[in-house]
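Good morning, and thank you for the time on today's agenda. I shall present a few local regions of one structure, one after another.

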Amino acid sequence: MPDTIMPDPTRLKFGIGQHVPRNEDPILLQGQGRYTDDLTLPGQLWAVMVRSPYAHGVIKAIETEAAKQTPGVVAVITGADLEGHGYGFMRCVLPLKNKDGSALTNVDRPSFAMDKVRFVGDPVAMVVAETKAAAKDGAEAVFIDIDVLPAVTEASAAAAPDAPALYDHVPGNQVLDFEYGDRAAVEAAFASAAHVTKLGIRNNRVVVCAMEPRSAIGEYDPKTGRYTLHVGSQGVFGLRAQMANDILKVPVDKVRILTGNVGGSFGMKASAYPEYLPLLHAAKVLGRPVKWTDERTGSFVSDQHGRDHETVAEMALDADGKVLAVRLDSYANMGAYLATVAPLMGTGNFSKNIQSNYATPALLVTTKCLLTNTTPVSAYRGAGRPEGNYFMERLFEQAAKETGRSAIELRRINHIRPDQFPFKAPSGSVYDSGDFSNLLAEALEAADWDGFAARKAESKARGKLRGRGIGNFLECTAPPMKEQGEIQFGEDGTVTIVTGTLDYGQGHWTPFAQVLHQTLGVPFESIRIVQGDSDRLIAGGGTGGSKSLMASGAAIVEAAALVIEKGRPSAAHILEAAASDIEFEKDATTGLGRFVIAGTDRAIGIMELAARLRAEKDRLPADIPHTLDVQHVFDQAPMAYPNGCHVCEVEIDPDTGTIEIPRYMSVNDFGVIVNPLMVEGQAHGGIVQGIGQAIMEQVSYSEEGQLLSGSYQDYALPRASDLPSFGFQAHSVPCTTNPLGAKGCGEAGCAGSLPAVMNAIVDALSEYGIDHIDMPATPERVWRAIQTARG
């Protein structure tokens with residue numbers, strides 16, 4: 001492992017640790033971004049999807065003749081049209097096993113439902129026309145004859161013996177009966193416990209609500225037999241593999257994925273969707289590109305949803321307040337089909353993250369994954385990590401209340417101590433670093449914890465309830481896997497990074513450029529980035545699980561070292577010196593890299609060397625590198641463990657149940673921070689999404705499976721006016737397992753905000769004897785809880 005690349009002590013303007021504004025912001029703010037819907041290809045046709053209006057039923061017939069006669073309509077494609085071409089299916093790719101050792105029961109999802117529809121929004125057909133308006137008219141003319149069946153929308157209800165069956169091959173609608181942990185040790189711990197705390201907790205389902213709806217354009221080149229899919233994604237390398245290997249059933253070199261700017265994803269756009277295959281099929285059979293862009297109504301039912309777990313969480317304590325064991329027993333709602341990583345959140349990620357930053361010696365996670373007549377569920381910002389921390393923090397607060405202890409002290413005596421690192425957790429993780437108790441103390445001071453009583457009294461004088469809550473958290477990031485770190489020196493003086501993570505709003509260009517600028521000394525303003533063309537990649541793990549900087553950053557650091565080694569003999573040739581006498585250094589003032597003859601002032605800058613090699617390539621000796629370009633693949637690194645503490649204060653109007661958040665502070669350990677400005681922005685975004693889930697957002701279905709919250713008239717999102725000014729401080733302990741010392745930050749805001757907000761709400765409501773309320777704590781739910789408590 002290379003030495004950690006620490007913030008630049010010379011404080012270079014664009015070095016690691018500097019507040020550098022995002023390079024892409026001027027481009028996007030001037031409307032010069034290129035999103036998929038901005039593209040119009042020559043000869044392009046338009047597609048509109050026909051979706052089921054019912055949650056469950058047998059398809060008796062799909063009548064398309066009227067649609068085909070609609071002016072402007074070119075074709076109507078159904079599942080029958082896709083048969084006989086050797087296409088595959090979408091399915092879960094996780095090798096999860098039931099607790100008895102058998103494999104999970106997978107579900108092959110076709111692009112179009114053919115036998116049954118299984119949720120409102122299930123795609124049944126696609127209408128292709130010369131214009132979008134004509135395609136819409138044609139879609140309205142398609143008639144689907146459906147014999148409606150009873151529906152089930154809750155996972156626990158789907159497990160009932162008399163629940164409607166979604167598939168003949170899935171008994172009881174259960175695809176996985178998961179168990180992780182030492183059952184015997186956990187049962188023994190609970191049996192010997194001085195106190196047991198138990199909470200039933202609902203992790204509410206949410207709509208992802210990416211700013212940009214999904215959009216895609218399919219192309220086919222009959223001369224080469226290649227498919228090209230223009231689509232918003234989280235990584236083109238992995239999506240190409242899924243489309244080629246699993247769905248199109250063609251060699252990967254016959255598929256190209258192109259992704260431009262992406263307006264948000266949060267996990268939702270990571271994998272293939274049913275619309276992509278028919279678009280490519282239509283492009284092939286019609287000989288023209290075919291474009292589809294969803295509308296917000298379609299997004300509500302067709303974009304994969306997030307969360308949705310019903311959990312019983314338990315904590316066993318000894319007489320001194322030390323945690324002996326924790327166990328979770330959950331139902332996880334998969335929706336109507338098994339998405340690519342659908343079971344992960346309630347299984348592996350619960351297991352990894354329930355531990356948090358506590359020295360809990362034993363844990364047990366059992367989860368039943370059930371199919372229901374709802375939109376499929378998959379990863380959403382944090383993907384099980386915020387939930388695990390939320391469960392743990394609610395248990396600590398409730399246990400402190402039940403045992404008459406300070407919740408702060410209960411946390412402290414259970415924290416992993418610095419002298420315990422590396423700490424092997426029962427989750428299987430090995431924590432490398434952290435300073436949990438000191439970070440908690442810093443957060444309490446920054447939040448003016450001791451001044452709360454005066455603020456509470458002031459709120460009370462105005463007839464309001466005031467509460468405060470702590471959200472201690474530790475996340476296990478996704479492990480950085482093989483990632484490309486290619487560096488190219490262009491004729492125009494630019495330096496291009498080619499890597500397989502993908503920016504869908506994070507702003508990778510700037511921090512990646514900061515890393516390259518500091519390690520290689522190339523001018524910051526000359527650096528460009530390529531991430532969205534699968535033809536340029538030989539590896540790539542995509543973006544997700546808060547690992548991008550650890551993966552691409554490490555790849556860039558290693559690639560920069562290879563450039564330096566490649567440049568030594570080249571510089572020696574130009575400077576007429578021995579390669580052994582060439583040293584690489586960076587100018588103390590400008591930070592620009594150069595190759596120097598040791599002990600002399602003779603040198604050549606790295607950019608000048610790249611230009612000289614290009615200009616003289618035909619005259620260079622064969623044993624001298626003709627270019628500084630390198631193509632490198634970073635192997636892998638262990639997952640990292642970002643952590644922190646959020647402190648939230650809420651104010652509740654007891655007459656209306658309305659919640660306001662007047663104060664919010666977070667102190668975070670994200671390891672080495674490359675760009676503090678952007679990291680703080682990432683934290684803010686995660687906090688806001690956590691607040692949204694905690695007090696506003698809720699996907700609601702009727703008994704028949706109709707989506708009752710299918711627009712922004714029925715589904716609430718936080719606005720700027722709902723939010724406080726967020727406090728943010730860094731308490732950085734460098735990670736020891738990757739070259740940058742970074743720990744990831746993209747999802748941590750959710751992990752801290754869910755427990756902080758909900759603990760604050762429960763604290764405020766404790767005046768009425770209320771010790772738990774589920775998310776979302778909407779005004780109606782809070783008001784009803786108060787009225788019930790008042791009797």
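**Four regions of a predicted model**

Glutamine 689 is buried, because its relative accessible area is 11%, under the 20% limit. Please keep in mind that this is a predicted model. Glutamine 689 belongs to helix 18, which covers residues 676-695. Which residues does glutamine 689 touch, not counting those up to four places away in sequence? They are Phe266, Tyr380, Arg381, Glu697 and Cys750.

I turn next to arginine 327. This residue is part of strand 14, residues 323-335. Is arginine 327 buried or partly exposed? With a relative accessibility of 23%, arginine 327 counts as partly exposed. Once neighbours within four places in sequence are set aside, the contacts of arginine 327 are Val186, Glu187, Phe190, Val312, Ala313, Glu314 and Leu364. With one of these, glutamate 314, arginine 327 also shares a side-chain polar contact of 2.8 Å. Lysine 198 lies 129 residues from arginine 327 along the chain, and the C-alpha atoms of the two are 9.6 Å apart.

The third region is helix 7. This helix runs from residue 236 to 248 and has 13 residues. Its end C-alpha atoms are only 16 Å apart, whereas a straight helix at 1.5 Å a residue would reach 18 Å. Buried within helix 7 are Val236, Leu239, Arg240, Gln242, Met243, Ala244, Ile247 and Leu248. What do the buried residues of helix 7 pack against? Their partners are strand 10 (226-231), strand 11 (255-258) and helix 8 (276-286). Just after helix 7 comes lysine 249, which has a positive phi of about 60°.

Finally, I come to a sheet. Four strands make up this open sheet, in the order 21-20-19-25, with mixed pairing. Strand 21 (527-530) and strand 25 (630-634) are at the edges; each has a single partner strand, so one side of each has no neighbour in the sheet. On average, neighbouring strands of this sheet are turned by 20° against each other, direction ignored. In general, strands of a sheet pair through backbone hydrogen bonds, either parallel or antiparallel. Strand 19 (residues 483-489) and strand 20 (residues 495-498) run antiparallel and are joined by 4 bridges. Glutamine 488 stands opposite threonine 496, a residue of strand 20. Helix 15, residues 509-520, lies across strands 19, 20 and 21. Relative to strand 21, helix 15 runs at about 125°.

Thank you for your attention.

Note on methods
Residues numbered from 1 in each chain as written. Predicted model: local features only at pLDDT ≥ 70, side-chain atom pairs only at ≥ 80, totals over all residues. Heavy atoms only, no water. Helix = DSSP H or I, 4+ residues; strand = E, 2+ residues; numbered from the N terminus. Expected span 1.5 Å × (residues − 1). Buried < 20%, exposed > 50% of the residue type's maximum accessible area, 1.4 Å probe, protein only. Contact = heavy atoms within 4.5 Å. Polar contact = N/O pair within 3.5 Å; in protein donor to acceptor, adjacent residues only side chain to side chain. Pairing = 2+ DSSP bridges. Axes fitted to C-alpha atoms, helices over the stretch in contact; angles between N-to-C directions.
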